[in-house]
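Visitor: I'd like a close look at one helix, and then a walk outward from it to whatever surrounds it. Could you take your time and keep the whole thing connected?

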Amino acid sequence: MSDTQTLIENRPPSVAALFLERVAATPDAEAYRYPVPPASGEGPDDWKSLSWAEAAERVHAIAAGLIELGVQPEQRVALASSTRVEWILADLGILCAGAATTTIYPQTNADESAFILADSQSKVLVAENAEQLAKAQQKRDELPALTHIVVIDPAGAETGDGVLSLAELEQRGAAHLEKHPELIKERVGAITKDQLATLIYTSGTTGRPKGVRLPHDNWAYMAKAIAATGLLGPEDVQYLWLPLAHVFGKVLTSGQIEVGHVTAVDGRVDKIIENLPVVQPTYMAAVPRIFEKVYNGVAAKARAGGPAKYKIFQWAAEVAREYAKVSQDNFRRTGTHAVPFGLGAKHKVADALVYAKIREAFGGRLRACVSGSAALAPEIGYFFAGAGIHILEGYGLTESSAASFVNPGEAYRTGTVGKPLPGTEVRIADDGEILLRGPGIMEGYHGLPEKTAEVLEPDGWFHTGDIGELSPDGYLRITDRKKDLIKTSGGKYIAPAEVEGQFKAVCPYVSNILVHGADRNFCTALIALDEVAILQWAKENGLEGKSYAEVVAAPQTVEMVDGYVKQLNEGLQRWQTIKKFRLLPRDLDVEHGEITPSLKLKRPVVEREYKHLIDEMYAGSREV
């Protein structure tokens with residue numbers, strides 16, 4: 001048995017047990033960093049730290065406080081908060097009490113929040129602030145199981161009547177621990193591997209979300225498997241901003257406990273650019289939209305600098321892509337990243353002019369980024385790879401505890417999601433669907449045995465709903481969602497995500513794009529533009545002072561985007577080409593339910609919302 005197998009097979013039953021081991025091993029090492037905004041509201045944040053021992057003191061107090069409120073093993077405690085250090089401490093407190101965390105996105109509306117609280121039968125809700133508290137209070141009559149609400153930031157929130165602050169919960173817990181000093185050790189010691197740890201509700205594109213039941217063993221396996229990849233070491237600094245209500249963010253907290261590195265936590269997406277030079281991470285996980293935004297921002301900045309600057313950027317971008325492709329190809333064949341002398345010389349010049357500034361913007365110490373949740377356009381991946389920002393794509397689902405595949409360090413291949421994590425099995429079904437089996441797979445959907453049976457076979461194989469191809473040496477390439485594949489009326493299959501990804505690499509102004517064409521005789525697209533980038537372009541093209549909606553409706557904007565659509569079509573098969581498109585009057589967003597909180601496109605919602613534009617594009621065409 002290899003060391004990796006031993007590490008994974010000899011895992012403890014829970015992350016709660018791993019947490020106690022980590023605290024005992026490195027009590028004084030730094031665990032978490034978090035920002036404290038200045039009291040005046042102006043100026044930079046002050047970053048504070050918690051050691052593992054300090055974190056444990058708070059985690060144990062939260063766990064004991066929940067036990068004192070009557071929370072029993074496997075009972076649900078809901079967490080409705082943005083990403084912040086208290087989210088992690090509360091989650092670990094819930095796990096150390098032997099209870100299970102129900103995650104709720106802070107953007108979730110009152111109706112859906114109430115559905116999740118009721119369906120999960122959550123006994124306690126940990127709410128971030130007065131806004132999250134109000135959502136629950138509004139529906140309190142529909143939630144008989146909910147006995148208490150704990151508020152992290154109680155400013156403006158009315159406590160009393162079953163509502164208390166997180167500080168009060170910790171005080172009660174600390175007092176309870178004085179009387180029962182062995183309480184946490186006993187609770188954690190009693191956790192079994194198949195006991196429920198987390199209920200994560202998937203944002204359904206149609207109908208009510210389903211609660212995915214993830215037992216303690218899923219997270220203990222993930223922690224050990226992430227460590228076994230060797231991608232992270234105890235000296236790393238991770239910048240964590242992803243939504244912790246989402247499985248991708250949540251799995252990063254398990255890996256960190258096993259490896260023992262520092263995590264800087266701040267979920268404010270608008271602070272990412274400001275935080276990177278302060279945190280100076282060596283490692284960061286993100287979704288493709290963030291890399292697309294950075295790429296578009298760099299391109300827009302170069303364009304604003306005048307034609308000469310933009311020409312240099314375009315040249316450097318091409319050099320970066322060529323360098324990355326040649327380097328990766330050589331590594332695959334020879335095990336070295338060698339490139340021809342001429343390309344190396346061009347790369348050196350481009351590095352001084354362009355790439356070094358990009359690395360500096362990421363904090364200057366970034367070794368690698370992991371990208372997941374959706375496909376990253378390969379051309380954008382190659383650009384960053386050539387610029388020295390190594391993006392390792394990974395793949396997984398809520399139902400597989402997030403991380404099933406990840407690209408292996410130096411041997412990463414842009415355009416693939418890498419190899420399976422140690423202990424995870426994969427096979428491709430006859431119709432191309434990816435099937436997974438292993439210790440990361442969910443127990444099933446909460447209270448929905450029929451839905452569980454649709455995707456989980458009796459022998460443990462899980463149907464992902466994604467289509468993919470495995471290379472002879474085990475790298476997986478995702479080609480599309482099974483249900484998203486378009487079949488034109490001419491019988492041709494098209495993977496819309498592939499076309500959409502290519503357009504994002506071509507057009508620096510796009511924010512979201514949806515390719516449509518199922519049962520039609522040609523493909524069309526709905527395109528939403530990035531507000532910051534397009535308003536900057538508008539300023540330089542005689543549209544200054546116009547609103548976003550006015551700019552996207554202007555003929556010169558449509559003409560400009562049409563140029564990029566033509567450029568896209570040049571690289572596509574005839575049946576994939578976009579024959580018509582419409583610019584949307586606003587960007588797609590979470591609030592309107594068009595994208596999920598993890599920034600995935602909800603196709604049915606967008607197609608329903610903009611049906612009139614789709615119909616308009618096909619009006620008069622001869623459908624076959």
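Guide: Here comes one helix, then its neighbours, then a few spots further out.

A quick word on the ground rules. This is a predicted model, where local features need pLDDT of at least 70 and side-chain atom pairs count only at pLDDT 80 or more, while totals for chains, interfaces and linings use all residues. Residues are numbered from 1 along each chain as its sequence is written, and side-chain values use heavy atoms, with hydrogens and water left out.

Let's start with helix α7, residues 166–179 (helices are DSSP runs of H or I with at least four residues, strands are runs of E with at least two, and both are numbered from the N terminus). Its 14 residues reach 20 Å from first C-alpha to last, close to the expected 20 Å (the expected span is 1.5 Å times one less than the number of residues). Leu166, Leu169, Glu170, Gly173, His176 and Leu177 are the buried residues of α7 (buried is under 20% relative accessible area, exposed is over 50% and partly exposed lies in between, with a 1.4 Å probe and protein chains only). These buried residues sit on the same side of α7, because they cover an arc of only 125° around the axis (the arc is taken from the directions from the helix axis to the C-beta atoms). Flip to the face turned away from that buried side and you find the exposed Gln171, Glu178 and Lys179.

So what does the buried side of α7 pack against? The partners are α3 (52–68), α4 (85–96), β6 (148–151), β7 (163–165) and α8 (183–189), where contact means heavy atoms within 4.5 Å.

Take α4 from that list. This helix has 12 residues and reaches 17 Å from its first C-alpha to its last, close to the 16 Å expected. It's mostly covered, with 12 of its 12 residues buried; among them are Glu86, Trp87, Asp91 and Cys96. After α4 comes Gly98, with a positive phi near 80°.

The two strands on that list, β6 and β7, lead into a sheet. It's an open sheet of 8 strands with mixed pairing, in the order β7-β6-β5-β3-β4-β8-β9-β19 (two strands pair if DSSP finds at least two bridges between them). β7 and β19 (444–445) are the edge strands, each with a single partner, so one side of each has no neighbour in the sheet.

Walk along the sheet from β6 and you come to β5 (residues 124–127). The two run parallel and are joined by 4 bridges, with His148 in β6 as the bridge partner of Val124. On to β3 (residues 76–80), which also runs parallel to β5 with 4 bridges; here Ala80 stands opposite Ala127. In a regular strand the side chains alternate between the two faces of the sheet. In β5, Val124 and Val126 point one way and Leu125 and Ala127 the other, and all are buried. Out by the β19 edge, β9 (residues 211–215) and β19 run antiparallel, joined by 2 bridges, and Arg213 stands opposite Gly444.

Now for the cores. The largest nonpolar core has 167 residues, and Tyr32, Phe384, Phe503 and Ile527 have the most contacts inside it (a nonpolar core is a set of buried Ala, Val, Leu, Ile, Met, Phe, Trp, Tyr and Cys residues joined through side-chain atoms within 4.5 Å). A second, separate core has 19 residues, including Ala78, Leu125, Val151 and Leu199. Leu125 is the β5 residue we just passed.

From Phe384 there's one more stop to make. Leaving out residues up to four places away in sequence, Phe384 touches Phe291, Val294, Tyr295, Ile358, Phe362, Ile389 and Ile391. Ile391, in β14 (residues 391–395), stands opposite Cys369, and β13 and β14 pair in the parallel sense over 3 bridges.

Tyr295 leads elsewhere: with the same four-place cut-off, Arg321 touches Tyr295, Glu379, Tyr382, Phe383 and Ala505. Arg321 is found in helix α13 (residues 307–334) and is buried, with a relative accessible area of 6%. A polar atom of its side chain lies 2.9 Å from the backbone oxygen of Glu379 (a polar contact is a pair of N or O atoms within 3.5 Å; within protein, one must be able to donate a hydrogen and the other to accept it, and residues adjacent in sequence count only if both atoms are side-chain atoms).
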